[in-house]
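Please find below my notes on the model under review, set out as numbered points.

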Amino acid sequence: MDVTFAIKIFSALFAIINPIAGVPIFLSLTAGMAPGEQRRTAILVTITVAIGSVVSALAGTAILEFFGLTVNNFRLAGGLVVLLLALSLLNGEDSPAHAGSAAEQKTYKTASNVAFYPMSIPLLLGPGSIATLVVYAHEGRSTGQEMAFWIGLAAFLVVLAAMMIAAPFIGRVVSPTVMSVTKRLMGMILAAIGVEMMVTSLTALFPGWTH
């Protein structure tokens, strides 16, 4: 097993889903809930993200083939989405692709089940994270690193669960300045991931373009 690939998966998911930035949103959506209900919501968020991640990883390639698309086509589009998300984070903004439009955000607190919508989808598991899962799952299968992929994903889900459950504590000790710095740091990492995805796709689609 390639430990480096597992770390790459964990880092990519942590950067694009960014559970640190998700903590204040989770606290806002669950404000007024009893501690026990808040913990149950955090667990449900983790389960929903886990199911969505597994489905994306397992069925993503088959869905693309059904529509006549290749992973390289999707990798290029996904890289562009990730890069645009990264640019938003670097500017200290939230991308509408993950945070939702202004109209959608007005409906968040009135949603019947905030654990599913909007917390899990689209705030945590949005277009960028789904694209990343599909691309890296395919890469893991192609290179014989499926185990490394699943270990990286499982490690991230454990960290996500811990941070969602500990959200009230994290919200008290982590300052807005740390949140802002983290957002920009994640933006830099995502920019590198997005560029890598696009370059890999272009190299596969146009083998001679680097010469």
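1. Val55 lies in helix H3. The model is a predicted one, and in it Val55 has a relative accessible area of 46%. Because partly exposed covers values between 20% and 50%, Val55 is placed in that class.

2. Val55 also belongs to a nonpolar surface patch, together with Ile43, Leu44, Ile47, Ile51 and Ile165. The accessible area of these residues together is about 500 Å². Helix H3, which spans residues 35–66, supplies the largest share of the patch, namely five residues.

3. Helix H3 recurs in the description of the second largest pocket, giving six residues to its lining, the largest share. The space in this pocket comes to about 230 Å³. Its lining consists of 14 residues, and those nearest the centre are Ser56, Phe74, Ile130, Ala131 and Val134. Two or more lining residues come from each of H3, helix H4 (71–90) and H8.

4. What is the make-up of the lining of the second largest pocket by class? There are 10 nonpolar and four polar residues, and no charged residues.

5. Turning to charged contacts, the structure contains two salt bridges. One of them pairs Lys8 with Glu139, with 3.9 Å between the closest N and O atoms. This pair connects distant parts of the chain, since Lys8 is in helix H1 (residues 3–17) and Glu139 in helix H8 (residues 127–142), 131 residues apart. The N to O distance of 3.9 Å should be read against the criterion, which requires the nitrogen to be within 4 Å of a carboxyl oxygen.

6. Lys8 forms a salt bridge with Glu196 as well, at 2.9 Å from N to O. Because Lys8 is in helix H1 and Glu196 in helix H11 (residues 176–205), this pair ties together parts that are 188 residues apart in sequence. Through shared partners, the salt bridges join Lys8, Glu139 and Glu196 into one network.

7. Are the members of this network buried or exposed, or do they fall in between? Lys8 has a relative accessibility of 26% and is therefore partly exposed. Glu139, at 22%, is likewise counted as partly exposed, and Glu196 is put in the partly exposed class at 33%. The value of 22% for Glu139 may be set beside the cut-off for buried residues, which is under 20%.

Technical notes: Residues are numbered from 1 along each chain as its sequence is written. This is a predicted model: local features need pLDDT of at least 70, side-chain atom pairs count only at pLDDT 80 or more; totals for chains, interfaces and linings use all residues. Side-chain values use heavy atoms; hydrogens and water are left out. Patches are made of residues with over 30% relative accessible area and no salt bridge: like charges are joined within 9 Å, nonpolar side chains (Val, Leu, Ile, Met, Phe, Trp, Tyr) within 5 Å. Accessible areas come from the Shrake-Rupley method with a 1.4 Å probe; for residues, only the protein chains shown count as cover. A salt bridge is a side-chain nitrogen of Lys or Arg within 4 Å of a carboxyl oxygen of Asp or Glu. Helices (H or I, at least four residues) and strands (E, at least two) are DSSP runs, numbered from the N terminus. Buried means under 20% relative accessible area, exposed over 50%, partly exposed in between (1.4 Å probe, protein chains only). On a 1 Å grid over the protein atoms alone, a cavity is a set of points where a 1.4 Å probe fits but cannot get out, and a pocket is an open set with protein on both sides within 12 Å along at least five of seven lines; lining residues have an atom within 4 Å of a point. Grid points are joined across faces, edges and corners, and a volume is the space filled by probe spheres set on the points. Ala, Val, Leu, Ile, Met, Phe, Trp, Tyr, Cys and Pro count as nonpolar, Asp, Glu, Lys and Arg as charged, and the others, Gly among them, as polar.
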